[in-house]
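Ready for a few exercises at the bench-side screen? Open the model, try each task yourself, and then follow the worked solution.

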Amino acid sequence: MFKLNLKIAFRNLFKNKVYAAINIGGLAIGLTAFILLLLFINHESDYDKWDPELSKIYQIREKHDFFTPDNKQYWQEAVESRIGALTREKIPQFKHVTKVDRIWGNGFSVKIANADPIMVTDFRDADSAFFKVFPYQFVQGDQLTALNEPNTMVLKKKMAVRLFGTDKVVGKEVKVVMWRNDKGRSFKITGVVQEPSTPESVDINAIMHTGDRDKDPESISNSNYCSVYGLAGNILDTTAMNKTLQRIYVDYKKSSFTQRKITYDDYYKNGKVPGLKLVPLQETHANPPFVNGWLQKIKPVIALSIFLLLVSVINFVNLATAQSVQRAKEVGVKKVLGSYRKQLVNQFLFESAIQSLLALFISIVLVELCLPSFNAHFDVTLSFWHSNQLIGIALQLIGVFVVVTLLAGLYPAVVLSNYNPVSVLKGNYERGFKGLALRNGLVVVQFIIAVTFMISIGVMHLQTSYVANKDLGFDRSKLINIQTNYEDDFANRIKKIPGVQYVATTTQVMGNTFNVPEEITYNNQVYNVNTVTVSMDALSALGVQVVSGRIFSSEYGQDTVNTVVLNQAAANLMGKNLVGKQYDIISEKEKYTFQIVGIIKDYHNEGFDKTVIPTVYKANDLGGTSNTNNLLIRFNTSNYQDIVKKIEAEWKRLYPDFPMQYVTVEDAFQKELESSRRLMQMVVLFSIISVILSLLGLFALATFLAKRKTKEIAIRKILGASDFQIINMLNRSFLILVLFANITSWPIAYILTRKWLEGFAYRIDMPFLPFLAATVLSVVVAVFTITLQARKAAISNPVDSLKYE
């Protein structure tokens with residue numbers, strides 16, 4: 001029986017090559033998108049699974065407002081370094097606790113002997129307990145003693161090979177330069193560890209042990225931030241443990257405030273609350289601070305992939321049932337010869353399974369072809385055949401294959417096996433053509449998805465264009481940002497280069513922002529604002545727009561002492577006619593008074609999902625902080641690449657061991673738009689595919705209906721109906737379906753696009769044009785598709801249609 005069904009299945013596939021190709025191709029496209037999604041989900045959910053001990057490691061998170069984009073409290077990975085000792089002493093469930101530096105800047109410079117320095121990333125300083133917490137597999141060296149001595153380092157195997165050309169590096173030395181004028185520090189390599197088999201949330205290429213992380217700041221008023229991880233003896237009850245941790249933290253805070261002569265209630269006011277908790281390491285990647293986790297980010301992609309697979313399955317069902325007329329007599333003869341309905345269902349399901357299997361093989365080939373673009377799109381490194389989870393993925397694909405086969409093949413199998421043999425063999429197919437309402441419904445669902453995609457394209461394009469052309473409040477052209485701090489010697493050198501207009505520094509520029517909250521008192525009212533320190537020329541270098549008053553100038557000696565500039569958000573918060581007015585800052589010891597000399601238009605320094613917060617700008621000769629990591633250079637010409645080369649030459653003279661890194665502010669702006677553009681590109685691609693598949697489904701239904709009405713069309717033609725009237729008759733019923741799908745898709749598209757727009761602080765009003773354009777386009781294309789099939793039926797010879805075989 002299996003051999004017979006196999007012969008029949010392949011005979012039918014070759015007999016109906018066009019339908020088979022459309023069926024298999026449509027399913028392959030849908031499965032390709034779904035498999036790519038599976039690979040991505042497997043990759044993201046596989047973080048920190050490379051050793052069983054990782055399930056017992058916990059990250060400590062503290063709730064505070066330092067380093068936040070809006071000066072509000074968040075649960076952060078950066079915790080005060082004393083928390084390491086606190087948890088080690090107070091939480092006996094932890095066997096070991098380690099402190100690890102956060103990743104600052106864009107990497108360090110590494111120099112080996114007389115070779116040129118190279119920039120490296122993810123070199124992190126840790127205390128001596130790091131490898132007692134994290135169970136890395138040592139290729140060379142001893143896990144327990146590798147970091148016992150200061151100025152030692154453990155490399156990952158790939159980094160060792162990159163630096164030395166071999167992983168046999170224990171005993172060798174490297175010089176690490178952490179910033180441009182750092183003299184550097186030599187580290188002895190004491191170990192090499194294997195690359196983990198799965199991704200890791202604690203990214204490292206090397207662990208350095210300077211010895212700095214083994215101690216905390218001596219003065220209680222000084223603070224230092226790092227990441228803290230603890231290894232427990234067993235898996236912990238986080239709910240109960242976090243209650244204990246919170247109580248310990250509050251006691252610690254009260255004690256430290258007493259030493260600093262600060263009252264607990266004064267510090268935690270205006271909604272601020274203390275907070276300390278532990279998070280399982282294997283959950284940290286999915287729950288990062290400040291931003292959405294990976295699952296939240298790919299929800300639109302999940303929806304797109306499922307919709308596309310659904311459209312593919314619907315298309316399969318419609319195309320399969322469209323062939324039912326051709327299979328009707330086969331079913332009738334088999335039933336007369338004694339075949340049971342169950343046998344027929346199995347036969348047709350077997351045919352669907354073969355098509356699904358062929359589609360699955362094609363989709364795997366397409367996945368391999370699409371993976372490079374997909375990896376670049378999502379900034380990941382995925383592989384199908386070389387995946388560590390290949391067996392798991394294969395099992396998932398088998399499950400997908402079974403589900404798709406049942407979804408796509410069960411209904412056609414039931415329909416085809418249900419024909420009445422007597423009616424069919426008499427030539428009367430009417431009773432065999434049940435389920436037309438369901439097929440119509442499937443076409444409607446296809447078009448709802450397709451039209452929703454098209455509307456989404458229009459709305460996303462308008463929003464992206466709006467953001468791309470929005471007035472940012474500053475001039476981003478002819479402006480670069482060197483990722484370094486301000487230093488007089490270097491600044492003076494590059495000011496002399498022809499073409500350089502301004503050299504300045506600021507703590508707030510697109511691509512790198514450092515916000516500092518501050519309380520000010522104006523007219524006996526307290527306001528919470530953001531403080532940005534700038535050098536004298538920073539606002540001029542940015543090309544900000546002055547609303548009233550003036551910006552900082554070297555002509556005014558007081559500008560570096562007690563004058564400030566506000567942005568419009570701060571001005572709107574504090575009132576009107578502020579230029580010339582004064583406000584106070586009341587510190588622990590005394591009061592400081594500042595005069596407002598100007599108001600500038602709000603300028604964007606972060607993504608468009610955040611509003612510009614009320615900001616006060618203060619100036620001094622070097623920007624007010626030694627750690628801005630922003631050196632702005634504005635040119636007076638658009639062709640500044642040769643000038644940049646001269647700047648790099650000056651840099652190399654002063655800092656030969658640390659390569660210069662810079663980014664144009666225009667590139668930083670384009671990077672902010674990247675995620676929206678990527679999503680729109682994916683929606684466009686999926687929309688095109690879904691529209692094509694929907695039209696194929698419509699074509700199949702038109703074919704089915706035309707064959708169903710073959711005799712009706714012939715009689716109408718004999719009675720004098722024109723070809724146009726026949727085409728119009730067939731078009732009318734489908735046009736109703738398409739219009740109904742459009743009406744249904746409008747509220748769905750509205751809800752989805754409005755939800756997407758709500759992710760932007762600056763957004764367009766919901767436009768009407770994309771809804772109208774999608775409707776017109778879908779109707780025109782549908783009518784054209786149906787007309788092609790209807791014309792074929794209309795011009796056929798009525799005599800042939802009315803003949804009885």
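**Exercise 1. Find the helix that holds His-43, decide whether this residue is buried or exposed, and list its contacts from further along the chain.**

Step 1: His-43 belongs to helix H2, residues 17-45. Helices (H or I, at least four residues) and strands (E, at least two) are DSSP runs, numbered from the N terminus.

Step 2: This is a predicted model, in which local features need pLDDT of at least 70 and side-chain atom pairs count only at pLDDT 80 or more, while totals for chains, interfaces and linings use all residues. Residues are numbered from 1 along each chain as its sequence is written, and side-chain values use heavy atoms, with hydrogens and water left out.

Step 3: Buried means under 20% relative accessible area, exposed over 50%, and partly exposed in between (1.4 Å probe, protein chains only). His-43 has a relative accessible area of 17%, so His-43 is buried.

Step 4: Contact means heavy atoms within 4.5 Å. Once neighbours within four places in sequence are set aside, His-43 is in contact with Pro-199, Val-380, Thr-381, Leu-382 and Gln-389.

**Exercise 2. Do the same for Leu-308, and then find how far its C-alpha atom is from that of Gly-271.**

Step 1: Leu-308 sits in helix H10, residues 299-322.

Step 2: Its relative accessibility is 1%, so Leu-308 counts as buried.

Step 3: Beyond its neighbours within four places in sequence, Leu-308 is in contact with Ile-29, Gly-30, Ala-33, Phe-686, Ile-689, Ser-690 and Leu-693.

Step 4: Leu-308 and Gly-271 are 37 residues apart along the chain, and their C-alpha atoms are separated by 46 Å.

**Exercise 3. Which residues of helix H3 are buried, and which elements do they pack against?**

Step 1: In helix H3 (residues 82-90), the buried residues are Arg-82, Ile-83, Gly-84, Leu-86 and Thr-87.

Step 2: These buried residues of H3 pack against two kinds of element. The strands are S1 (57-64), S3 (79-80), S4 (94-100), S13 (225-232) and S14 (276-280). Helix H6 (238-260) is also a packing partner of the buried residues of H3.

**Exercise 4. Count the aromatic pairs, then classify the pair Tyr-603 and Tyr-617 and the pair Trp-651 and Tyr-655.**

Step 1: Rings of Phe, Tyr and Trp (its six-membered ring) pair if their centres lie within 6.5 Å; planes under 30 degrees apart count as stacked, over 60 as edge-to-face and the rest as tilted. By this rule, there are 28 aromatic pairs.

Step 2: Tyr-603 and Tyr-617 have ring centres 5.9 Å apart and planes at 25°, so the pair is stacked.

Step 3: This pair links distant parts of the chain, 14 residues apart: Tyr-603 is in the loop between strand S24 (591-600) and strand S25 (615-619), and Tyr-617 is in strand S25. Tyr-603 is buried at a relative accessible area of 2%, and Tyr-617 is buried at 1%.

Step 4: Trp-651 and Tyr-655 form an edge-to-face pair, at 4.8 Å centre to centre with 70° between the planes. Trp-651 is buried, with a relative accessible area of 3%, and Tyr-655 is buried too, at 4% relative accessibility.

Step 5: For a cluster linked by ring pairs, look at Trp-50, Phe-130, Phe-131, Phe-134, Tyr-136, Phe-138 and Tyr-229.

**Exercise 5. Which ring face does Arg-476 lie over, and which does Lys-618 lie over?**

Step 1: A charge sits over a ring if NZ of Lys or CZ of Arg is within 6 Å of the ring centre and within 35 degrees of the ring normal.

Step 2: Arg-476 lies over the face of Phe-669, at 3.9 Å from the ring centre. Lys-618 lies over the face of Phe-594, at 4.4 Å from the ring centre.

**Exercise 6. Look up phi for Asn-523 and Asn-524, and place both residues in the chain.**

Step 1: Most residues other than glycine have a negative phi.

Step 2: Asn-523 has a positive phi of about 55°, and phi of Asn-524 is near 65°, also a positive value.

Step 3: Asn-523 is in the loop between strand S19 (516-522) and strand S20 (525-534), and Asn-524 is found in the loop between S19 and S20.

Step 4: Asn-523 counts as exposed at 59% relative accessibility, and Asn-524 counts as exposed at 79%.
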